[in-house]
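Here is a short tour of one protein chain. Have a look at the model first, and then we'll walk through it piece by piece.

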Amino acid sequence: MAVEVAGVCVNPGDYVYMDSAGGVVIPPASLQQVFAIAEDISAEEAAAARDIRAESTQPDS
């Protein structure tokens, strides 16, 4: 039986993720796609962090 939580429908089998920034309900059919997108975002953030560290270690011109 589905339930509504704060205006969001949560169905049996859905995955719910919450942290201090908010929450999301993920239908099971979308879980692998969500993981793939999360991995892409994580890789992009790691690359950006490397670029920022590299810029901060270069001597001023």
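## A charged spot on the helix

Let's start with Glu-39, which counts as exposed because its relative accessibility is 58%, and the cut-off for exposed is over 50%. Keep in mind that this is a predicted model. You'll find Glu-39 in helix 1, which covers residues 31-57.

Which residues gather with Glu-39 in a patch of negative charge? They are Asp-40, Glu-44 and Glu-45, and the patch lies on the surface.

## The overall layout

Now zoom out. How many helices and strands does the protein chain have? The count is one helix and four strands. Follow the sequence along and you get the pattern β-β-β-β-α, so the strands come before the helix in this chain.

What about the overall dimensions? Along the principal axes, the C-alpha atoms fit in a box of roughly 65 × 25 × 10 Å. The radius of gyration of the protein chain is 18 Å, whereas a compact globule of 61 residues would have one near 10 Å.

## Inside and outside

How much of the protein chain counts as buried? Just 7% of its 61 residues do. The accessible surface adds up to about 5,200 Å², and carbon and sulfur atoms account for 58% of that.

## Two loops to look at

Next stop: Ala-6, in the loop that links strand 1 (3-5) and strand 2 (8-10). Its phi is near 50 degrees, which is a positive value in a residue that isn't glycine. Most residues other than glycine have a negative phi. Is Ala-6 buried or exposed? Ala-6 counts as exposed, because its relative accessibility is 81%.

Pro-12 sits a bit further along, in the loop between strand 2 and strand 3 (15-19). Pro-12 is exposed too, since its relative accessible area is 55%. Where is Pro-27 relative to Pro-12? The two are 15 residues apart in sequence, and in space their C-alpha atoms are 9.1 Å apart.

Notes:
Residues numbered from 1 in each chain as written. Predicted model: local features only at pLDDT ≥ 70, side-chain atom pairs only at ≥ 80, totals over all residues. Heavy atoms only, no water. Patch = residues over 30% accessible without salt bridge, like charges linked within 9 Å, V, L, I, M, F, W, Y side chains within 5 Å. Areas by Shrake-Rupley, 256 points an atom, 1.4 Å probe, with all protein chains shown as cover. Salt bridge = Lys/Arg side-chain N within 4 Å of Asp/Glu carboxyl O. Lys, Arg positive; Asp, Glu negative; His and termini not counted. Charge placed at Lys NZ, Arg CZ, Asp CG, Glu CD. Buried < 20%, exposed > 50% of the residue type's maximum accessible area, 1.4 Å probe, protein only. Rg over C-alpha atoms; globule rule 2.2 N^0.38 Å.
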